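Student: Could we go through the ligand site of this model together, one question at a time?

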Amino acid sequence: MIAQTANSTAVEFPQINPDICIVNYYTNSGKLGLHQDRDESESSLSKGLPFISISIGDTAEFLFGDTRDKDQATKINLESGDVLILGGKSRLLFHGISHVKAHTAPSWLKEETGLRPGRINLTFRQY
Ligand SMILES: O=C(O)CCC(=O)C(=O)O
Ligand SMILES: [Fe+2]
């Protein structure tokens with residue numbers, strides 16, 4: 001799996017065979033505090049197997065960094081359709097959602113699916 005880092009360097013992540021999908025639904029007031037994802041097996045974590053996150057619906061501000069300090073975290077917008085991969089050295093980054101931006105989902109998505117306000121996030125992982 002080849003991915004592009006935030007500073008445009010190409011990196012190669014180990015291949016995964018996902019056996020878990022976590023689905024999070026955020027209302028427009030939803031948040032997720034800074035945390036590390038450590039629930040997978042020691043072997044999965046030590047190999048830096050990536051998790052793959054797909055965002056659907058309203059845009060969210062995603063924070064990530066080396067510590068739990070939100071003031072030092074880097075902030076990016078995750079829009080509907082964005083795919084984010086945390087693997088290798090970035091696998092244990094602290095990350096979270098500071099807020100969801102109301103009325104930012106693509107109008108076609110709401111019309112075609114009847115999606116309610118908010119955001120859905122899927123993460124595919126290998127235990
Ligand atoms: O909603 C997101 O983009 C992040 C979700 C997350 O960090 C998690 O499920 O552990
Ligand atoms: Fe997480």
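Tutor: The questions below deal with the ligand, its pocket and one neighbouring strand in what is a predicted model.

Student: In which pocket does ligand 1 sit, and what is the volume of that pocket?

Tutor: Ligand 1 is placed in the second largest pocket. For that pocket, the computed volume is about 220 Å³.

Student: Which residues that line the second largest pocket lie nearest its centre?

Tutor: The lining of this pocket is made up of 17 residues, and by class these comprise seven nonpolar, seven polar and three charged residues. Strands β3, β4, β5 (51–57), β9 and β10 each give two or more residues to the lining, with β10 giving the most, four residues. Of the 17 lining residues, those nearest the centre are Asn24, Leu32, His35, His95 and Arg125.

Student: Which element gives the largest share of the shell around ligand 1?

Tutor: The residues around the ligand are Asn24, Tyr26, Leu32, His35, Asp37, His95, Ile97, Arg119, Asn121 and Arg125, and by class three are nonpolar, four polar and three charged. Two or more residues of the shell around ligand 1 come from each of β3 (20–26), β4 (32–35), β9 (94–100) and β10 (119–125). The largest share, three residues, is given by β10.

Student: How far is an N or O atom in the side chain of His95 from an oxygen atom of ligand 1?

Tutor: Polar side-chain atoms of two other shell residues also lie by ligand oxygen atoms, that of Asn121 at 3.4 Å and that of Arg125 at 3.3 Å. With a cut-off of 3.5 Å for a polar contact, the pair formed by His95 and an oxygen atom of ligand 1 also falls within the limit, at a distance of 3.0 Å.

Student: What percentage of the area that ligand 1 exposes when taken alone does the protein bury?

Tutor: Side-chain polar atoms of His95, Asn121 and Arg125 have just been placed beside oxygen atoms of the ligand. Taken alone, ligand 1 would expose 290 Å², and the part of this that the protein buries is 93%.

Student: Which side chain is joined to that of Ser98 by a polar contact of 2.6 Å?

Tutor: Ser98 belongs to strand β9, a strand that also gives two or more residues to the shell around ligand 1. One polar contact, of 3.1 Å, joins the side chain of Ser98 to that of His99. The contact of 2.6 Å joins the side chain of Ser98 to that of Glu61.

How values were computed:
Residues are numbered from 1 along each chain as its sequence is written. Chains are lettered from A and ligands numbered from 1 in the order in which they are written. This is a predicted model: local features need pLDDT of at least 70, side-chain atom pairs count only at pLDDT 80 or more; totals for chains, interfaces and linings use all residues. Side-chain values use heavy atoms; hydrogens and water are left out. A residue is near a molecule or strand if one of its heavy atoms lies within 4 Å of it. A polar contact is a pair of N or O atoms within 3.5 Å; within protein, one must be able to donate a hydrogen and the other to accept it, and residues adjacent in sequence count only if both atoms are side-chain atoms. Accessible areas come from the Shrake-Rupley method with a 1.4 Å probe; for residues, only the protein chains shown count as cover. On a 1 Å grid over the protein atoms alone, a cavity is a set of points where a 1.4 Å probe fits but cannot get out, and a pocket is an open set with protein on both sides within 12 Å along at least five of seven lines; lining residues have an atom within 4 Å of a point. A molecule sits in a cavity or pocket if more than half of its atoms lie within 2 Å of its grid points. Ala, Val, Leu, Ile, Met, Phe, Trp, Tyr, Cys and Pro count as nonpolar, Asp, Glu, Lys and Arg as charged, and the others, Gly among them, as polar. Grid points are joined across faces, edges and corners, and a volume is the space filled by probe spheres set on the points.
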